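Trainee: Hey, got a minute? I'd like to go through this one with you.
Mentor: Sure, let's pull it up.

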Amino acid sequence: MPDVLFSQRSVRKALLSLDIQKSSGPDGIPPIVLRTCAPELAPVLTRLFRYSYSQGVVPNSWKTAFVHPIPKKGDRSDPSNYRPIAITSLFSKIMESIINCQLIRYLEDHQLISDRQYGFRRGRSAGDLLVYLTHRWAEAVESKGEALAVSLDIAKAFDRVWHKALLSKLPSYGLPEKLCNWITSFLADRSIKVVVDGACSDYKPINAGVPQGCVLSPTLFLLHINDMLLTGNIHCYADDSTGDALYTGRANISRVNVAEYRNKLVSEVESLLNKVSDWGRLNLVQFNPQKTQVCAFTAKKNPFVVSPQFQGTPLLASASIGILGVDISSDVQFRGHLEGKAKLASEKLGVLSRAGQYFMPAHRLLLYKAQVRPHMEYCSNLWAGAPQCQLLPLDRIQRRAARIVDDRALSDRLDSLALRRDVASLCIFFRIYHGECSEELFGLIPAAKFHERTSRQNSRYHPHHLDDWRSTTVRFRRCFLPRTTSLWNRLPSAIFPDRYGRQRICDSPGVAVVHGRR
């Protein structure tokens with residue numbers, strides 16, 4: 001990688017992109033001041049950034065952070081039930097954003113980050129990972145086989161990154177010496193101060209972890225955990241608190257001894273777990289076997305009683321597995337997830353109903369859209385094909401919300417949840433179809449259907465028509481890719497844009513042809 005370049009244009013662009021609603025850093029300089037004075041500050045900051053980079057030294061004032069604890073759930077007297085929100089220097093964030101932009105471009109252009117890493121990367125999301133994994137598991141069940149998944153719990157993934165191990169890996173990615181020296185200084189001698197209701201604690205030193213609240217931290221975490229994904233068939237999504245690694249294996253056991261192949265499947269998973277455990281010991285990463293989830297995806301009546309071992313602890317298979325906020329049952333269905341989300345949405349709607357007298361109808365509608373409906377639509381493309389009896393509770397909640405809004409004109413503007421699910425599914429499929437995703441997910445898109453030469457046959461298909469999925473069960477046809485492919489093929493050719501663009505497919509009226517309404 002060439003050395004990072006700092007130009008006045010890039011610095012000025014970073015200053016003008018600051019969100020003025022964000023908090024000021026420990027130095028107390030509001031972002032609106034930096035944004036307003038961007039033309040005057042850009043030359044000065046450019047010289048400062050160049051000097052800091054060339055010397056490999058980060059100013060000490062940039063390495064302090066104010067931490068504001070935000071309660072999550074549970075007992076508020078327990079400090080572990082709080083989420084720390086770190087506020088760092090805006091000057092440091094500006095320089096980090098310029099470095100991170102060039103670093104990410106280099107890593108992506110040279111494909112140095114594993115394709116199975118879905119966190120903190122452009123064109124990828126938690127939903128993409130769930131689409132890929134659920135499709136693999138559903139395919140295993142469809143082919144009369146089984147799949148075994150293990151979701152690992154990494155304790156304090158961000159906060160316990162071992163600096164020595166991380167820094168030793170940077171030169172192997174081809175990073176220049178000046179950048180490695182700058183990152184070494186960036187991680188060293190950091191400190192935090194906890195702020196609660198205006199009261200501050202003393203500064204406490206930090207000797208491990210990637211700094212919270214910093215632009216560069218997610219990329220450094222990816223570089224740290226990237227070599228773990230090379231140990232086998234591992235998929236990972238990293239967030240600010242935990243890393244979820246998933247291991248799958250499949251075996252077509254339709255005409256062979258079930259017990260023999262289950263033992264083989266468990267043996268393969270144990271081999272992967274041993275490699276991950278060895279990686280954890282080398283990098284001082286702790287896994288929590290007690291919180292590790294195991295689920296066997298199968299349609300067979302014989303229970304999956306064989307359990308893999310992880311760090312000396314037997315992992316018992318459960319009837320479902322919770323991954324990235326979605327509960328998936330052992331038959332790759334979402335009954336429990338839909339029941340839980342319907343219950344949560346109903347409880348929140350009850351709060352809105354009791355407080356409805358204090359709001360205007362337009363405000364009640366806005367609160368429903370912001371606080372209630374998202375619970376009923378998270379990753380809806382995965383379970384949009386669920387049986388109607390499982391989706392009816394969600395429709396009842398929306399009808400109840402329309403009564404709470406108590407304004408017919410406003411309520412009529414609410415699109416049905418089924419329409420919104422189909423539009424969301426098509427938008428995601430459109431992105432995957434154009435390759436804005438991982439290579440393995442893009443590889444699942446079926447081939448384009450062969451067009452007959454006669455004009456009469458050609459009129460049946462639009463230019464983006466795909467082969468339909470072959471399925472012997474209704475369960476598999478309800479999965480995202482088979483269901484959305486069928487929906488995609490029924491779209492008229494007039495709605496497809498000339499080139500890739502998310503906004504155009506979202507604004508297109510073509511979905512109305514499928515549903516008979518916009």
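**Salt bridges and a few oddities**

Mentor: Let's start with Arg431, which makes a salt bridge with Asp128, with 2.7 Å between the closest N and O atoms. That pair ties together distant parts of the chain: Arg431 is in helix α15 (residues 417-433) and Asp128 is in helix α5 (residues 126-142), 303 residues apart. Keep in mind that this is a predicted model.

Trainee: Okay. Is Asp128 buried or exposed?
Mentor: Asp128 counts as buried, because its relative accessibility is 1% and the cut-off for buried is under 20%. Arg431 is buried too, with a relative accessible area of 11%.

Trainee: How many salt bridges are there in the whole structure?
Mentor: A search of the whole structure turns up 11.

Trainee: Show me another. What does Arg262 pair with?
Mentor: Arg262 pairs with Glu146, and their closest N and O atoms are 2.6 Å apart. Here again distant parts of the chain are linked: Arg262 belongs to helix α9 (residues 258-282), Glu146 to strand β3 (residues 145-151), and 116 residues separate them. Both Arg262 and Glu146 are buried.

Trainee: And Asp422, which residue does that one meet?
Mentor: Asp422 meets Arg483 in a salt bridge, at 2.3 Å from N to O. Asp422 is in helix α15 and Arg483 is in helix α19 (residues 480-489), 61 residues apart.

Trainee: Why does Arg483 count as partly exposed?
Mentor: Arg483 has 21% relative accessibility, and partly exposed covers what lies between under 20% and over 50%. Its partner Asp422 is buried, at 7%.

Trainee: Switching topic: which residues make the nonpolar surface patch of about 230 Å²?
Mentor: That patch is made by Ile20, Ile32 and Val33. Val33 sits in helix α2 (residues 31-36) and is partly exposed, with 37% relative accessibility.

Trainee: Cool. Now the backbone: what is the phi of Leu284?
Mentor: Leu284 has a positive phi of about 55°, although it is not a glycine. You'll find Leu284 in the loop between α9 and β10 (293-297). Leu284 is partly exposed, at 49% relative accessibility.

Trainee: And where is Asp406?
Mentor: Asp406 is in the loop between α13 (388-405) and α14 (408-411). Its phi is positive as well, near 60°, and Asp406 is not a glycine either.

Trainee: Is Asp406 buried or exposed?
Mentor: Asp406 is exposed, because its relative accessible area is 61% and exposed means over 50%.

Terms used
Residues are numbered from 1 along each chain as its sequence is written. This is a predicted model: local features need pLDDT of at least 70, side-chain atom pairs count only at pLDDT 80 or more; totals for chains, interfaces and linings use all residues. Side-chain values use heavy atoms; hydrogens and water are left out. A salt bridge is a side-chain nitrogen of Lys or Arg within 4 Å of a carboxyl oxygen of Asp or Glu. Helices (H or I, at least four residues) and strands (E, at least two) are DSSP runs, numbered from the N terminus. Buried means under 20% relative accessible area, exposed over 50%, partly exposed in between (1.4 Å probe, protein chains only). Patches are made of residues with over 30% relative accessible area and no salt bridge: like charges are joined within 9 Å, nonpolar side chains (Val, Leu, Ile, Met, Phe, Trp, Tyr) within 5 Å. Accessible areas come from the Shrake-Rupley method with a 1.4 Å probe; for residues, only the protein chains shown count as cover.
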